[in-house]
Amino acid sequence: MKSVIQSVRDFIKQTDVYLLMLCIFASVFGLVMVMSATRYSLGEDERISREFLIMAIAVGMGLVFSLIISALDYRVFTKLWPAIAVVSIVLMLVLFKFGTGPSARSDVHTWLKFGPVNFQPSELVKIGFIITFSVHLEILRNKLNKIFSIIQLGVHALIPAGLVAVTGDMGSSLVFLAIAGVMLFAAGVHWGYFIGIFAVIAAASPLIWIYVLKQLQRDRFLALFYPDLYPDIIYQQKYGLNAIGAGGFTGQGIFKGQYTQAGLIPEGQNDMIFSVIGEETGFIGCAVALLLLVLIIIRVITVGKKSQETSTKLICCGIAGMLAGQLIINIGMCLMVMPVVGITLPFYSAGGSANLCVYLGIGLVLSIYRHNCEQETVNIKIYDSLL
């Protein structure tokens with residue numbers, strides 16, 4: 001019994017408890033807000049919504065998986081990068097045959113249905129991409145700024161981003177590009193390449209507008225500038241922004257938001273959860289929610305800085321880039337400075353796939369903290385034989 005207790009103590013001692021607690025606090029906050037956002041839809045005999053239940057299960061499973069992954073040496077995953085790459089591509093290709101989407105969007109194929117549960121492969125592919133891209137950067141570290149290396153890395157990033165975009169998930173596609181950009185910068189790619197990339201994108205923007213973006217995506221962008229011409233497009237953001245304004249400094253109170261409890265914020269439990277936070281908890285609640293996310297991102301970066309290998313630093317930068325990218329896009333959407341692209345706010349939005357997979361990413365960071373950071377550790381590595 002003493003040996004078991006000591007093993008648990010050693011495990012906890014080597015776990016980044018600070019990061020884990022920040023994530024738990026954020027998820028609990030998110031669960032409360034999702035409960036409030038879906039309360040209006042409950043039947044007489046219902047106490048919790050399906051969205052809340054799925055999110056709670058996903059968070060619980062995510063915590064368990066993150067601790068299991070933290071016990072594994074992260075090298076198990078980096079050494080399996082070819083398999084991870086193949087599985088990621090297959091998952092995205094399967095969507096073209098079996099993928100489904102919202103009933104109102106027949107052009108979207110982002111989910112795989114397993115009975116009553118929908119799974120969004122792009123969320124898992126994000127984690128796989130971070131692993132494979134970090135290995136690729138490590139392989140090319142001695143010739144990183146050669147033009148052929150940049151081309152290779154560009155193709156590597158565009159394959160998953162392109163596949164995700166074709167399925168109709170433009171928001172996640174942008175997150176893939178954000179992850180790649182952060183990791184390239186952290187790896188030491190010369191700033192001239194970034195200027196060149198932005199110049200190419202700017203030059204190609206008319207072609208992207210005409211041939212890449214769908215009509216609905218173009219309308220969502222135009223609605224920001226001409227809201228009166230696109231009332232059916234902008235109403236989601238308009239109501240969401242009005243809800244944030246109605247919250248004032250302290251908010252109207254949990255379960256008391258006029259817009260939220262009347263069900264006037266479309267997708268209030270998902271894409272527009274920040275509007276619910278703003279209405280019911282006010283500026284103070286928004287500040288707390290953002291502070292938790294910023295602290296999580298800073299902690300992930302800190303773990304990367306303390307790690308002793310280039311690949312681990314890049315993995316942490318990739319996870320931080322994923323969280324920061326989704327944060328910026330989602331908040332920009334809710335504040336009507338960016339078009340709606342359908343992206344969740346990490347830890348706060350409902351959704352089983354998003355909440356489960358973000359904890360898989362956190363598990364990688366915890367593994368790096370346990371096995372690669374400078375600290376006094378006890379050898380509890382698992383599956384050393386795989387290395």
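Author: A residue is called buried when its relative accessible area is under 20% and exposed when that area is over 50%, with partly exposed lying in between. These terms are applied here to a predicted model.

Reader: Is R75 buried, exposed or partly exposed?

Author: The relative accessible area of R75 is 24%. Buried requires a value under 20% and exposed a value over 50%. R75 is therefore partly exposed.

Reader: Which residue meets R75 in a salt bridge with an N to O distance of 2.9 Å?

Author: R75 belongs to helix α4 (residues 75-78), and its partner lies in the loop between α13 and α14, so the pair ties together parts that are 234 residues apart in sequence. The partner has a relative accessibility of 27% and counts as partly exposed. The residue that meets R75 at this distance is E309.

Reader: Which residue is linked with R75 and E309 in a network of salt bridges?

Author: The structure holds five salt bridges. The side chains of R75 and E309 meet in one of them. The residue linked with both in a network is D73.

Reader: How many residues apart are D16 and R299?

Author: D16 and R299 form a salt bridge in which the closest N and O atoms are 2.9 Å apart. D16 counts as buried at 2% relative accessibility, and R299 is buried at 16%. The pair links distant parts of the chain, with D16 in the loop between α1 (2-13) and α2 (17-37) and R299 in helix α13 (residues 273-306). The separation of D16 and R299 is 283 residues.

Reader: Which helix supplies the largest share of the lining of the largest cavity?

Author: The largest cavity holds about 100 Å³ of space and is lined by 14 residues, with E123, Q326, P346, A354 and V358 nearest its centre. Helices α6 (121-139), α14 (310-334) and α15 (352-372) each supply at least two residues of this lining. The largest share, four residues, comes from α15.

Reader: How many charged residues are in the lining of the largest cavity?

Author: The lining has eight nonpolar and four polar residues. The number of charged residues in this lining is two.

Reader: How much space lies in the second largest cavity?

Author: A search of the whole structure finds two cavities of 30 Å³ or more. The second largest is lined by A37, Y40, T260, G263, I265, G268, Q269 and V276, which divide into four nonpolar, four polar and no charged residues. The space in this cavity is about 40 Å³.

Notes: Residues numbered from 1 in each chain as written. Predicted model: local features only at pLDDT ≥ 70, side-chain atom pairs only at ≥ 80, totals over all residues. Heavy atoms only, no water. 1 Å grid on protein atoms, 1.4 Å probe; cavity = no way out; pocket = protein on both sides within 12 Å on 5 of 7 lines; lining within 4 Å. Points joined across faces, edges and corners; volume = space filled by probe spheres on them. Nonpolar A, V, L, I, M, F, W, Y, C, P; charged D, E, K, R; others polar. Salt bridge = Lys/Arg side-chain N within 4 Å of Asp/Glu carboxyl O. Buried < 20%, exposed > 50% of the residue type's maximum accessible area, 1.4 Å probe, protein only.
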